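Trainee: Please take one part of this model and walk me through it closely, then tell me how the rest of the chain relates to it. I'd like one connected story rather than a list.

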Amino acid sequence: MPLKNKGVVCINHPNSLMLRNDGFNAITKLEKEDTGGIQFLPESGIPAVVYFCEKCGYLEIYAAAKTPFWDAK
Ligand SMILES: [Zn+2]
């Protein structure tokens with residue numbers, strides 16, 4: 001989504017900076033089974049940073065390793 005002045009701007013509210021959810025989140029990996037089901041693999045996935053818009057609830061997700069937060073202490 002639009003990155004503006006080191007912030008993330010809501011696609012629905014172009015003048016509103018989105019808030020970052022504290023810490024990190026993850027997109028969990030899953031596998032499709034031959035039986036048609038799915039198996040969630042919570043031990044594997046993509047670390048993520050999540051932003052949300054307070055006005056409309058729109059979410060933005062970035063790969064955590066590509067953000068400045070990943071290397072910050
Ligand atoms: Zn919004």
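Mentor: Two strands pair if DSSP finds at least two bridges between them. Keep that in mind, and remember that this is a predicted model. Let's take strand β5, which covers residues 38-52.

Start with the partner that precedes β5 along the chain, strand β4, at residues 25-32. β4 and β5 run antiparallel, with 8 bridges between them. Two of the pairs are worth finding on your screen. K32 faces I38 of β5, and further along, K29 has L41 of β5 as its bridge partner. Together β4 and β5 make a hairpin, with 5 residues separating the two strands. Look in that turn for G36, whose phi is positive, at about 105 degrees. As for cover, β4 has hardly any: of its 8 residues, 0 are buried.

Now follow β5 towards its other hairpin. β5 and β6 are antiparallel too, joined by 5 bridges, and V49 sits across from Y62 of β6. This second hairpin has 6 residues between its strands. There is a glycine to look at here as well: G57, in the turn, has a positive phi of about 85 degrees.

β5 also pairs with β3, a strand of residues 19-20. The sense is antiparallel again, over 2 bridges, and here L19 is opposite F52 of β5. So by the two-bridge rule, β3 counts as a partner of β5.

Back inside β5, have a look at S44. Is S44 buried or exposed? S44 is exposed, because 11 other C-beta atoms lie within 10 Å of its own, and the cut-off for exposed is 12 or fewer. If you're wondering how far it is from S44 to W70, 26 residues along the sequence, the C-alpha atoms are 17 Å apart.

W70 turns up again when you step past β6. A65 lies in the segment after β6, which spans 59-63. Leaving out residues up to four places away in sequence, A65 touches P47 and W70. A65 is also 16 residues from V49 in sequence, with 8.9 Å between their C-alpha atoms. A65 counts as partly exposed because it has 13 C-beta neighbours inside 10 Å.

For a contrast, go to β2 (residues 7-8), where you'll find V8. V8 counts as buried, since it has 20 C-beta neighbours inside 10 Å; 20 is where the buried class begins. V8 and F24 are 16 residues apart along the chain, and their C-alpha atoms are separated by 16 Å. Put that next to A65 and V49: 16 residues apart as well, but with 8.9 Å in space.

Finally, zoom out. The chain has 6 strands and 0 helices, so from the N terminus the order reads β-β-β-β-β-β. Buried residues account for 7% of the 73 in the chain. The radius of gyration is 15 Å, where a compact globule of 73 residues would come out near 11 Å. Along its principal axes, the C-alpha trace spans about 45 × 30 × 15 Å. And for contacts with a separation of 6 or more, 36% are between residues 24 or more positions apart.

So, to pull it together by the pairing rule: β5 has β4 as a partner over 8 bridges, with 5 bridges to β6 and 2 to β3.

Notes
Residues are numbered from 1 along each chain as its sequence is written. This is a predicted model: local features need pLDDT of at least 70, side-chain atom pairs count only at pLDDT 80 or more; totals for chains, interfaces and linings use all residues. Helices (H or I, at least four residues) and strands (E, at least two) are DSSP runs, numbered from the N terminus. Two residues are in contact if their C-beta atoms, placed from the backbone, lie within 7 Å. The radius of gyration is taken over C-alpha atoms; the globule rule is 2.2 Å times the number of residues to the power 0.38.
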